[in-house]
Structure formats: C-alpha cells, structure tokens
Amino acid sequence: METSAATPTRPPHQAATSPSPSPSSSLRLWRPAAQRNMRNQWSHLSAAKEQWLAAVADGRAHASALVNVHLSCRNMPTMDLGVLKDMPGIRDKANSKLALREEQYSGMLLSAYKEMVRQLSYLVEASHSMRRFSKAAPNCPITQFSDRQDNLNDSGDGGGAPVFKWFSVLEFESLAQELVQMFVSEQKLKRLLLLEFLSIALKEGVELQTSLNWGDELYDGESNKLQSIGLQSGDAYSPPENWCAERLGSQRPGNLPLHEVLQVYLTTWHANMNINRSRIDEIFELVEEEMKIKLS
Amino acid sequence: MEAVVRKVQQRVRKAREEMDQWDDLNTRLLSQFSNAAAVISRLQALGEDKNYGPLRAVPNIRVDLIGNQMEVLELIFVKIRETLEKFNDVVKALNKALRDTKQMVRGGSALTAKQMQLQVGILPSIAECLDGFQTLCEMHHDEFTLKSSAISLLTWKTCSSDIAVLRQLLVDQPNIPKDEVQSIFDIIFADEIC
C-alpha cells in the first residue's frame, strides 16, 4: 500500500528529466513518509474536531445552568417563598448558595472554553504539519524525513506531486485550512459569548471590575496559547477585523442583560453558525476517499 | 358460531398490537413538538436587534442566527411529518384488519342477522366484536386527522398560548378516550376477563 508502486502517478523517467527539486528516487522515498504523515495529521484533525464539538456541548450545558442560576438569583427578592419566608435570613442564605453555584458553573464554562482552545490548537497544528522534508544527514546513507525544513530548496511537498492518487500537499493543506477557518471564526464568536456569560457572574461578586473586555486574558496562559497558534499577534488579542469595534464595548457596565438577551446568547452558542457540518463531512469524505482509509 | 367469534377475537388481538405503537408514537411526537415549540418561542427574542448586546459587533449575526434557527425548525418539521406518517400507517393497518375481518365473517357460510347477534355463554356476539373493532378504527382515524390539523397549525408564527393549546390536544387525544377503549376490549374479550 505504501510503496510508490501502488500510486504510479508520475512515470520515473519523466520525473528524472524534469528540473524538479525532487528527483524520482527521492520522490519514491518521500511518498511513503508523506502518506504516513498525511494520514496521521488528518486523523488528528478528525479527533480534534470531535473533541472541540464535545467541549462546545459541555460549554452549552454549563452556560445554560449558569444562566438559570443567575436568573433565580435575580428573582430571589420577589420570589414567593411560601411558608419559608418566616425563616430568619432565608433569602440571604439562598442567595449566597446561588452565588456559589454561579461561580462553579462559570468555572466549568471556562474549563470548557479552555478545552476548545486546546483542541483548536491541535487543529491548527495539524493543518500546518502536512509537509515532509528530507533530513540532511550526510553520514547516513538512508534518506530520512522529518517535519522540520533543513534545506531551503526543499518545500516538503514532493515537488507538488500527488501524495496518494490526485491531491498534492497543497491541496490537502487548503482543505485543512478551510476546515480550520470555520473553527477559528466560531471560536472567536464563542469567546465573545463567554465574556458575556462570565460577566453576569462577576456582577454578583465583589470584584471591582464589573465586566470583561475582549482584550482581557480569560485564564492564565490563554494569550500564549492564542499566540502560539497564530490567532494573536503581539500582547493584545484584537477582535476580528470585520467586527464593529464600537459595538463590542456597547454593553453598559452594571446593566444586567435581559432574559431575552441571555436567550440570544445561549442560542448563538448552541447554533455553531460558522461550523458548516455538511461541508466538513464532505471534506472528510473527500480525504478518506483519497487516502482509502476511514478516519473516524 | 363460536369458532367465528374466536377468529374475530384473534384478528382484534393482532390489531391491538398495532394500537400499542400509538402511545410510543405520541411520546415521540410530543417531544418533537416541544423541540419545535422551543425554537418558535425563541424566534421573537432573536428577531429584535436590541437583544444582541455586544454580539451586534458581529456582522449579520441576527440574520444568520434566525436563518440557522429556521433551518433547525424545518428539520424538526420534517421529523414531525415522518412521525405523522407512522400514525397514518397504524390507521391504515387497522382499517385493513377491519376490512379483512369483515370479509372473513362474510366469506364463511352466510350468517343471518340473528346468528350475528347470537351470544354463546359469556362469549360476545360477532356483531358486538365487529362494532367494537369498527369504533376503535374510527377513533384512531379521527385522532390522526386531529393530529394532522393540529400540526398544520404549528408554524414559526404560532404564538405561545396557541402552542400550549395544541400541545394539550396532542396529549389528551380526545378521540381515543382510554376508558371507552378499555370497555370495548372488555366486551370483545369478555371470556378472558374472568
């Protein structure tokens, strides 16, 4: 399966005469390594995509729990407690209990987000690791391949040759890029929602800061992580360019979002609007067909 | 005569298995209905720009979200129609069973009206069995018609009070009163009760 003979897409004599940076013999050696790597990276993409979606689903459960607790907290002063109303300090006790739960749920929501960032980083990483470079080892007669570019003339794509049957490395990369782009856009939208969800919990607390801003780091190391996957350049995480910056800060501090607003947030979280499931399935089907393997 | 009654009972027993699916289907229908109702009840809030807070920074968010929810709703409607089709299958199966049973009774030696009414011991008469069977079929048929029209009234524009009424109709199943169904079975299977 992995020998080049199984995929005779370019006759050796033709490759030998062309001024390609990968002569036929090295292409023959490159292909099995490239195929193995390509399968690995796409199975990473497949796994990370599933995990990311699972983290979103967890996040959704925590966010709606948080919203429910928040609303009962807010309704506490007017809530009819029936016979309980005569118990001393009952409302205060209930309130502090609810506030504690609010804190727990926002912590869980934040962990779900952290997991999403982590899975997104795997997605980005895999999409950037599709090339195989030959390893410069002058003393070793066996050609080896790695993910690091040693020679500037080696672009790691086998000179644009098909890796399996039809697709070149570049084509695999652009499919992966299309996939990653959906998750990146959705992740940004989720982060905006997360700011709002975490802010409602903050408003109950004693902290001086009453709302979170886009530029805030939401957990230790978020900034580093986002930088490492190329989502953030420099110290500040700037909002996507096509977003309207003035509206981003349009929430008035101290003003609690209405029930309808929270409903919009939850629906937006759940909808995964930037994730085009049918296109994703299509991409994976294409790739599986090309590689002749099943990824999930 | 007794043999004919036994055969009719046998047919009704088989038809009863079809009817047993009805409640499962209704549970499914109710859950699909609730899903649709949840989406519909959100739509109003999603339609108003002021409910988006800082999300308004994201271009086209409102239009995209509503479009997405309409798609979700459409998918639920497709599932609901599938469930309705299954109800219809049950109705059709019951009607066919009734027709076949009548055929069977008529196909034997021609029975006089008196023989039809004849009651042997605690066994029901053939006429009683057929009448009961017919009533059961009509109940399910009418209930299917009611469900279909209730569902056709459910659209993205239906207000929440109407949704509550429709839901109650689906829960109540007014054309299939449980006690009446039971008393029909009690008559047809009178000999098995004691």
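Start by selecting Leu195(A): with 2% relative accessibility, this residue counts as buried, where buried means under 20% relative accessible area, exposed over 50% and partly exposed in between, using a 1.4 Å probe and protein chains only. Leu195(A) sits in helix H4 of chain A, residues 169-204; helices here are DSSP runs of H or I with at least four residues, strands are runs of E with at least two, and both are numbered from the N terminus. Now add Leu110(A) to the selection: 85 residues separate Leu195(A) and Leu110(A) in sequence, and their C-alpha atoms are 9.8 Å apart in space.

Before going on, some ground rules. What you have open is a predicted model, in which local features need pLDDT of at least 70 and side-chain atom pairs count only at pLDDT 80 or more, while totals for chains, interfaces and linings use all residues. Residues are numbered from 1 along each chain as its sequence is written, chains are lettered from A and ligands numbered from 1 in the order in which they are written, and side-chain values use heavy atoms, with hydrogens and water left out.

**Chain A as a whole**

Switch to cartoon and colour chain A by secondary structure. You should find eight helices and two strands, and walking along the sequence gives α-α-α-β-β-α-α-α-α-α. Of its 296 residues, 45% count as buried.

**The rings of chain A**

Next, show Trp42(A) and Phe284(A) as sticks. Rings of Phe, Tyr and Trp (its six-membered ring) pair if their centres lie within 6.5 Å; planes under 30 degrees apart count as stacked, over 60 as edge-to-face and the rest as tilted. That rule yields 11 aromatic pairs over all chains. Trp42(A) and Phe284(A) are an edge-to-face pair, 5.6 Å centre to centre with 85° between the planes. The two rings bring together distant parts of the chain, since Trp42(A) belongs to helix H2 of chain A and Phe284(A) to helix H8 of chain A, 242 residues apart. Buried or exposed, Trp42(A)? Trp42(A) counts as buried because its relative accessibility is 0%, and Phe284(A) is buried too, at 6%.

Widen the selection to Phe164(A), Phe167(A) and Phe172(A): ring pairs link these with Trp42(A) and Phe284(A) into a cluster.

Then jump to Trp214(A) and look at what lies over its face. Arg191(A) is there, 4.9 Å from the ring centre. For a charge to sit over a ring, NZ of Lys or CZ of Arg must be within 6 Å of the ring centre and within 35 degrees of the ring normal.

**Over to chain B**

Chain B has a mean pLDDT of 93, with 99% of its residues at 70 or more; pLDDT is the predictor's confidence in each residue, from 0 to 100. For the complex, the predictor gives an ipTM of 0.79 and a pTM of 0.82.

Select Phe185(B) and Phe189(B), a stacked pair at 6.1 Å centre to centre and 25° between the planes. Phe185(B) counts as buried at 6% relative accessibility, and Phe189(B) does so at 4%. Bring in Arg16(B) as well: this residue lies over the face of Phe185(B), 3.8 Å from the ring centre.

Now go to Asn60(B), in the loop between helix H1 (2-47) and H2 of chain B. Its phi is near 60°, a positive value in a residue other than glycine, and Asn60(B) is exposed, with a relative accessible area of 56%. Step along to Ile61(B), which lies in helix H2 of chain B and counts as buried at 5% relative accessibility. To follow that helix, measure from Ile61(B) to Lys86(B): 25 residues apart along the chain, their C-alpha atoms are separated by 38 Å.

**Last stop: the largest pocket**

Finish by selecting His270(A), Ala271(A), Asn272(A), Asn68(B) and Val72(B). The largest pocket holds about 560 Å³ of space, and those five are the closest to its centre among the 18 residues that line it. Which elements give two or more residues to the lining? They are helix H2 (24-75), helix H7 (259-271) and helix H8 (277-291) of chain A, together with helix H2 (61-107) of chain B. H2(B) gives the most, with five residues.

A pocket is an open set of points on a 1 Å grid over the protein atoms alone, where a 1.4 Å probe fits, with protein on both sides within 12 Å along at least five of seven lines; lining residues have an atom within 4 Å of a point. Volume is the space filled by probe spheres set on the points, which are joined across faces, edges and corners.
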